[in-house]
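Reader: Hi! I'm just getting started with protein structures, and I'd love a close look at one part of this one. Could you take me through it slowly?

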Amino acid sequence: GVNVVRLKFVARFAYGDALSSEKRIDGGVPVFGSNGTVGTHSRANTLAPAIVVGRKGSFGKLAYSEGAGFCIDTTYFIDRRLSHAHLRWLYYALQTVGLDDLSQDTGVPGLSREAAYEKAVFVPAPPMQLVIATFLDRKTAAIDALIAKKERLIALLQEKRQALITQAVTKGLDPSVPMKESGVEWIGRVPSHWRRTRLGYLSMIGNGSTPSREEPSYWAEKGFPWLNSAKVNDETVPQADRFVTPRAMQECHLPRVNPGTVLMAITGEGQTRGRAAVLTFEATVSQHIAYIAPSAQIIPRFLLRQLQARYLWLRQESSGGGSTKGALTCEFLRTVPITLPPIAEQDAIVARMDRVLAHQGHVVDLLSGSVEKLREYRQALITAAVTGKIDVSTEAA
């Protein structure tokens with residue numbers, strides 16, 4: 001039989017303990033924060049096994065520790081002192097009650113124990129709990145292996161994409177042409193008839209600003225499109241989300257940036273810094289974007305491919321010898337070396353790259369879509385098994 005009961009009758013959540021990084025003694029015990037393991041320590045505060053529940057930050061996020069662990073004070077934990085249920089079954093059951101929806105604090109999102117305790121759980125008899133846990137271990141392991149395989153494939157395709165772009169913009173499309181040393185270590189040899197120059201000689205480079213949010217006369221529903229660095233994550237910038245008034249344009253010294261200009265994020269978290277895209281309409285930009293307006297000597301999309309080929313190099317150069325806050329500057333961008341083929345050849349390279357990369361992008365999209373579906377299927381399977389929608393005893397047999 002299955003009872004539907006409130007979570008507080010199934011398990012209690014214990015608070016983790018404070019453990020500053022200075023106090024940690026490297027040992028064999030995993031230390032758990034709300035986002036998973038964050039190092040090791042010499043002693044544990046849970047029995048083995050234990051379920052870790054994110055309390056602050058990634059609240060409601062679940063981890064399972066086979067051995068004893070040390071849970072820090074951004075987490076709750078459950079071990080056999082705190083529940084009579086089969087803990088592996090409980091780990092799956094908790095994934096179906098929506099703990100990550102239960103934020104109480106407005107400042108730092110946090111999981112309230114009291115709210116969690118009110119959630120309803122389907123509780124089968126202990127032998128059945130074991131059967132469900134075993135079934136889900138087997139099924140989710142198979143799904144996770146498939147997801148990992150597809151994600152590796154996506155990563156490989158993205159590396160290959162970077163290599164294809166670099167090859168095309170440094171070596172050209174004809175492998176039989178005579179080559180010469182470019183004089184730049186990571187570019188190596190380039191076709192002899194290509195010119196070597198710097199970005200500053202081929203383009204106007206500058207950046208914008210952010211008008212004060214406190215000043216309502218600067219911002220409008222309709223007006224001049226204003227872009228921030230989130231906009232460069234695709235290869236083209238098709239539209240703006242924010243608009244500024246003529247007054248803002250004048251008083252905040254905002255540049256008018258023409259279509260066909262390449263925009264680059266010069267600051268930014270994650271993978272944003274160093275990303276570039278071609279602008280398709282007239283707009284202005286924040287201080288976090290450099291606009292690179294190409295002269296007639298270089299096609300915008302060829303310039304984009306050149307900058308994409310230099311993405312990793314630009315990020316290394318701008319992390320300022322290990323300083324934490326990386327930023328690119330307009331001065332630095334002016335000095336970036338560019339290898340320049342004749343216009344007709346730039347055209348041919350752009351056309352070839354657009355074709356090849358569109359096909360490749362399509363494959364990556366299909367893979368990403370299938371990873372998304374597998375994640376949804378995994379979640380649906382856990383829910384169905386835990387709530388008794390599928391009979392796992394026949395499946396298990």
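At what angle do helix α3 and helix α6 pack, and how far apart are their axes?

Author: Happy to! One thing before we start: this is a predicted model, so read everything below as a description of a prediction.

Let's begin with your two helices. Helix α3 covers residues 126-171 and helix α6 covers residues 300-309. They pack at an angle of about 120°, and their axes are 9 Å apart. What do we call an angle like that? Angles over 145 degrees count as roughly antiparallel and 65 to 115 as roughly perpendicular, and an angle of about 120° fits neither range, so α3 and α6 are oblique to each other. As for handedness, the crossing of α3 past α6 is left-handed.

Now for who touches whom. On the α3 side, the contact is made by R161, Q162, I165, T166 and V169. On the α6 side, you'll find F302, R305, Q306, Q308 and A309. Sort the residues of this contact by class and you get four nonpolar, four polar and two charged.

R305 of α6 deserves a pause. Is it buried or exposed? Its relative accessibility is 1%, and buried means under 20%, so R305 counts as buried. Leaving out residues up to four places away in sequence, R305 touches R161, I165, V169, E235, M353, D354 and L357. You've already met R161, I165 and V169 on the α3 side of the contact. Another residue of that contact, Q162, is 143 residues away from R305 in sequence, yet the two are 9.7 Å apart in space, going from C-alpha to C-alpha.

Two of the residues that R305 touches, M353 and D354, carry numbers that fall in another helix, α9, which spans residues 343-386. That helix also packs against α3, at an angle of about 170° and with the axes 10 Å apart. Since angles over 145 degrees count that way, α3 and α9 are therefore roughly antiparallel to each other. The contact of α3 with α9 has 26 nonpolar, five polar and eight charged residues.

Let's follow the chain past α6 to the next helix, α7 (residues 311-318), where W313 sits. The ring of W313 pairs with the ring of W186: the centres are 5.0 Å apart and the planes sit at 35°, so this pair is tilted. W186 lies in the loop between β10 and β11, so the pair ties together parts that are 127 residues apart in sequence. The two partners aren't equally covered, either: W186 counts as partly exposed at 30% relative accessibility, while W313 counts as buried at 17%.

Compare that with another aromatic pair, W219 and W226, which is edge-to-face, with 5.1 Å from centre to centre and 85° between the planes. Here W219 counts as buried at 14% relative accessibility, and W226 is buried too, with a relative accessible area of 3%. There's also an aromatic cluster, formed by F13, Y15, Y76 and Y117.

Last, two backbone details to look for in the loops. The peptide bond from A48 to P49 is cis, with omega near -10°, and P49 lies in the loop between β4 and β5. Then there's H253, in the loop between α5 and β18. It isn't a glycine, yet H253 has a positive phi of about 50°. With a relative accessible area of 69%, H253 is exposed, whereas R305, back where we began, is buried.

Methods. Residues numbered from 1 in each chain as written. Predicted model: local features only at pLDDT ≥ 70, side-chain atom pairs only at ≥ 80, totals over all residues. Heavy atoms only, no water. Axes fitted to C-alpha atoms, helices over the stretch in contact; angles between N-to-C directions. Helix = DSSP H or I, 4+ residues; strand = E, 2+ residues; numbered from the N terminus. Parallel < 35°, antiparallel > 145°, perpendicular 65-115°, else oblique. Left-handed = near helix turned anticlockwise from the far one by under 90°. Contact = heavy atoms within 4.5 Å. Nonpolar A, V, L, I, M, F, W, Y, C, P; charged D, E, K, R; others polar. Phe/Tyr/Trp six-rings, centres within 6.5 Å; stacked < 30°, edge-to-face > 60°. Buried < 20%, exposed > 50% of the residue type's maximum accessible area, 1.4 Å probe, protein only.
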